[in-house]
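These are my notebook entries on one protein chain and its ligand. I recorded what I looked up, entry by entry.

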Amino acid sequence: MSARVEPVVPGSVDRVSGVAISAEQIAARVKELGQEIADHYPTGDLLVLGLLKGSFIFLGDLVRNIPRPMQVDFLVASSYGSGTTTSGEVRLVYDPETHLEGRHILLVEDIVDSGNTLNRLVRVLRQRKPRSLDICALLHKRIAKGLELEARFVGFDAPPLFLVGYGLDHAENYRHLPYIASLKEL
Ligand code: PRP
């Protein structure tokens, strides 16, 4: 007898389509990324900044795979204006309490899509005069034009699909999935 498959969002019509990147593939790549990051920062103070909410699972796994001392904090950003237009400004809803000046900052993001989020954040963070500023993104769609700062560490080039899971959401659902999947068109 086969087990009944529960929808990943209870009560919903399950829209999750194929698994794009499995939990095993993610785990293997995150381990590699952790070592790449440790090798890049051989000495000095490192502050890893996770951009919420999308990076929360990736960040948790990533920092446990970076074999060097570090500090961890978060950013919550909110754009001014309508959610569908790019105002070019960003407000930090949660601002790290630690000073960024003179420190190595690694900004951790789940996905680079249009690049608008990162472009706005990079401008804000540079004003804080860090010793260095780099980006680690789990996924990169490679469609962003004119990025202020290209991601130095990238987990996977992402297919041109709406992706959910491992922190990524659709209307706040699916973040908890241990893999990355695409959504079916309705
Ligand atoms: C998503 C994602 C990235 C951003 C990428 O965040 O987590 O931060 O969009 O898109 P972009 O490159 O086109 O700017 P969202 O604003 O949905 O918030 P979330 O992290 O809370 O899901």
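**Entry 1: the ligand**

I looked up the surroundings of the ligand in this predicted model. I found 14 residues around the ligand, and the closest are Glu109, Asp110, Ser114, Gly115 and Thr117.

I then sorted this shell by class: six residues are charged, five are polar and three are nonpolar.

Next I looked up polar contacts to backbone atoms. A polar backbone atom of Lys53 is 3.1 Å from an oxygen atom of the ligand. For Gly54, a backbone N or O atom lies 2.9 Å from a ligand oxygen atom. Asp113 also has a polar backbone atom 2.9 Å from an oxygen atom of the ligand.

I noted the area as well: the ligand taken alone exposes 500 Å², of which the protein buries 69%. Two elements, S5 and helix H3 (116-127), each give two or more residues to the shell around the ligand. Of the elements, S5 gives the most to this shell, with four residues.

**Entry 2: the chain as a whole**

I turned to the secondary structure and found three helices and nine strands in the protein chain. Read from the N terminus, the order of the elements is β-α-β-α-β-β-β-α-β-β-β-β.

The chain has 186 residues, and 46% of them count as buried. I recorded an exposed area of about 10000 Å² for the protein chain, with 52% of it supplied by carbon and sulfur atoms.

I also looked up how far apart in sequence the contacting residues are. Among contacts between residues at least 6 apart in sequence, 67% join residues at least 24 apart.

**Entry 3: the nonpolar cores**

I began with a general rule: in soluble globular proteins, nonpolar side chains tend to be buried together. The largest nonpolar core here has 27 residues, and Phe58, Leu62, Cys136 and Leu139 have the most contacts inside it. The elements that give two or more residues to this core are helix H1 (23-40), strand S2 (46-52), helix H2 (56-63), strand S5 (104-112), strand S6 (132-140) and strand S7 (153-157). H1 gives the most to this core, with five residues.

Which residues is Leu62 in contact with, leaving aside its neighbours within four places in sequence? I found Val30, Leu33, Gly34, Ile37, Val108 and Cys136.

I then noted a second, separate core of 22 residues, with Leu51, Leu92, Val124 and Leu149 among them.

**Entry 4: two polar residues**

Is Thr43 buried or exposed? Thr43 lies in the loop between H1 and S2. I recorded Thr43 as exposed because its relative accessible area is 58%, and the cut-off for exposed is over 50%.

Not counting residues up to four places away in sequence, Thr43 touches Arg68 and His104. I also looked up Thr43 and Pro69, which are 26 residues apart along the chain; their C-alpha atoms are separated by 9.1 Å.

Is Asn119 buried or exposed? Asn119 is found in helix H3, an element that gives two or more residues to the shell around the ligand. I recorded Asn119 as buried because its relative accessible area is 9%, and buried means under 20%. With residues up to four places away in sequence left out, Asn119 touches Gly146, Leu147 and Glu148.

Definitions and conventions
Residues numbered from 1 in each chain as written. Predicted model: local features only at pLDDT ≥ 70, side-chain atom pairs only at ≥ 80, totals over all residues. Heavy atoms only, no water. Core = buried A, V, L, I, M, F, W, Y, C linked by side-chain atoms within 4.5 Å. Buried < 20%, exposed > 50% of the residue type's maximum accessible area, 1.4 Å probe, protein only. Contact = heavy atoms within 4.5 Å. Near = heavy atom within 4 Å. Polar contact = N/O pair within 3.5 Å; in protein donor to acceptor, adjacent residues only side chain to side chain. Areas by Shrake-Rupley, 256 points an atom, 1.4 Å probe, with all protein chains shown as cover. Nonpolar A, V, L, I, M, F, W, Y, C, P; charged D, E, K, R; others polar.
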